[in-house]
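Please open the structure in a viewer and keep the selection panel at hand. The tour below proceeds from the whole chain to individual residues.

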Amino acid sequence: RRVMHCAASQSRWCPFEGSRGRRGRGLRGASSATWRRPECAKGRARDRRVLLSREGLRAVPPSAEELQKTYGLTNEEGKSVAFEEGRGGLTKVVLNHACGSSAEVYLYGACVTSWKQASGDEVLYVRPDAKFDRTKAISGGIPICFPQFGPGEMKQHGFARDSVWSVASTSADYNPDDRDPNVELVLEDSEGTRECGFPHAFRVSYSITLHRETLQTDFRVINTGDSAFEFTAALHSYFEVAGVENASISGLGGLTYLNKVPDPNNPKQETEANEEVAFSGETDRIYTEAPSEVVLNVGTGAGVQIQNENWSDCVVWNPWTSMEACYKEFVCVENAKTSERVKLEPNQSWRARADFEVKDLI
């Protein structure tokens with residue numbers, strides 16, 4: 001199948017001129033936007049705060065009903081930002097754009113598990129073995145790796161992907177040309193994060209927006225403590241493909257990459273000789289100094305264009321027959337910051353953004 005676009009998506013936009021895309025406006029910069037955030041002034045009845053316990057990673061969030069009352073938003077077409085009970089009773093945020101596109105984000109792991117075009121076609125992939133019972137991170141969609149990508153001093157890919165995140169704000173621009181539903185999720189240090197081997201004070205802000213059919217993400221790490229710390233991070237994105245043998249990635253030709261398949265502990269440095277990266281076996285590569293744009297051909301005549309700012313590496317992964325039940329159905333193309341660690345001094349912040357858009361390739 002090919003993924004179609006709603007008519008509104010034909011307008012051009014500049015992906016990184018502020019969170020609102022082509023108009024270069026921040027989420028909080030337009031009077032036409034409806035915005036819900038924590039209370040900061042008396043009399044602002046719509047601005048109420050829902051706080052998670054800071055006791056640990058397994059804190060129980062407010063119910064979907066409570067969050068809907070506090071942060072849910074509606075427009076003429078119905079619910080623009082809605083909080084619902086998802087799989088396994090976990091709370092999820094549903095973003096619905098006026099053009100018909102949608103996205104779903106679970107508070108557990110801040111994991112985007114669905115991104116559908118206006119046609120109803122799903123772009124992301126959730127593995128059949130994915131757990132929605134908080135016993136492990138959700139396997140699929142866009143899990144977040146932080147403060148560690150891959151193996152290391154703490155558990156694989158860090159703790160962000162199996163932590164409960166809190167809601168900082170929601171917004172939906174009611175301008176007729178640009179009704180962009182958004183949710184901002186936050187993860188802060190707790191006893192649980194310190195027990196995981198990361199004894200630092202921090203705040204991670206993760207914003208997810210639907211700009212028509214484009215999925216926009218904005219990831220920011222802030223050092224809120226009094227000492228420096230280092231981290232690596234990634235958006236571990238799974239994309240549905242029409243057969244892994246039909247999928248390919250353009251934009252990585254000529255780049256140096258670390259090949260982890262022969263020996264994950266001692267990756268071999270190689271150079272990509274092909275203009276398009278295809279799949280014929282297990283693939284686990286970290287392309288360093290990656291470009292700001294790559295395109296995944298999903299094998300249907302459509303592709304996923306991934307544009308990023310400040311994610312310096314691109315990780316390509318498919319497990320092949322080690323996941324016999326599903327390896328043919330997905331490819332991971334991941335925005336990452338892993339070949340060089342980020343060091344943040346007190347009060348410093350680091351920010352990276354990635355936009356995902358479906359394009360017709362033929």
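Begin with the entire chain displayed: of the contacts in the protein with a separation of 6 or more, 65% are between residues 24 or more positions apart. The model is a predicted one. Colouring by secondary structure will show 2 helices and 23 strands. The protein has 362 residues, of which 57% count as buried.

**First stop: the nonpolar cores**

Select Phe146, Tyr206, Phe219, Ile249 and Leu296. These are the residues with the most contacts inside the largest nonpolar core, which has 72 residues. Apart from that core lies another, of 8 residues, with Leu90, Tyr108, Cys111 and Val164 among them. As a general point, nonpolar side chains in soluble globular proteins tend to be buried together.

Now centre the view on Phe219. Which residues is Phe219 in contact with, leaving aside its neighbours within four places in sequence? They are Ile144, Phe146, Val204, Ser205, Tyr206, Ala233, Trp311, Trp350, Arg351 and Ala352.

**Second stop: strands S14, S19 and S20**

Select residues 248-250, which form strand S14, together with residues 293-297, which form strand S19; the two pair in the antiparallel sense over 3 bridges. To inspect one of the pairings, display Ser250, whose bridge partner in S19 is Val295.

Next add residues 302-309, which make up strand S20; S19 and S20 run antiparallel and are joined by 5 bridges. Val294 has Ile306 as its bridge partner in S20. Follow the chain from S19 to S20: the two strands form a hairpin with 4 residues between them, and Gly299 in the turn has a positive phi of about 90°.

**Third stop: an internal cavity**

The structure holds 3 cavities of 30 Å³ or more. Turn to the second largest, whose volume is about 60 Å³. To display its lining, select Ala290, Pro291, Val294, Ile306, Asn308, Trp311, Asp313, Cys314, Val333, Glu334 and Asn335. The bridge partners Val294 and Ile306 from the previous stop are thus met again, both as lining residues.

Colour the lining by class to see 7 nonpolar, 2 polar and 2 charged residues. Which strands each supply at least two residues of this lining? They are S20, S21 (313-318) and S22. With 3 residues, S22 gives the most to the lining.

**Fourth stop: Phe330 in S22**

Stay with strand S22, which covers residues 330-344 and includes Phe330. Is Phe330 buried or exposed? Its relative accessibility is 0%, so Phe330 counts as buried.

Show the surroundings of Phe330. Not counting residues up to four places away in sequence, Phe330 touches Tyr125, Arg127, Tyr238, Phe239, Val241, Val244, Trp317, Asn318, Pro319 and Met323. For one of these, Tyr125, draw a distance line between the C-alpha atoms: Phe330 and Tyr125 are 6.4 Å apart in space, with their positions 205 residues apart in sequence.

**Last stop: Asn274**

Finally, select Asn274 in the loop between strand S16 (268-271) and strand S17 (276-278). Asn274 counts as partly exposed because its relative accessibility is 45%. Add Leu252 to the selection: Asn274 and Leu252 are 22 residues apart along the chain, and their C-alpha atoms are separated by 8.1 Å.

How values were computed: Residues numbered from 1 in each chain as written. Predicted model: local features only at pLDDT ≥ 70, side-chain atom pairs only at ≥ 80, totals over all residues. Heavy atoms only, no water. Buried < 20%, exposed > 50% of the residue type's maximum accessible area, 1.4 Å probe, protein only. Contact = heavy atoms within 4.5 Å. Pairing = 2+ DSSP bridges. Core = buried A, V, L, I, M, F, W, Y, C linked by side-chain atoms within 4.5 Å. 1 Å grid on protein atoms, 1.4 Å probe; cavity = no way out; pocket = protein on both sides within 12 Å on 5 of 7 lines; lining within 4 Å. Points joined across faces, edges and corners; volume = space filled by probe spheres on them. Nonpolar A, V, L, I, M, F, W, Y, C, P; charged D, E, K, R; others polar.
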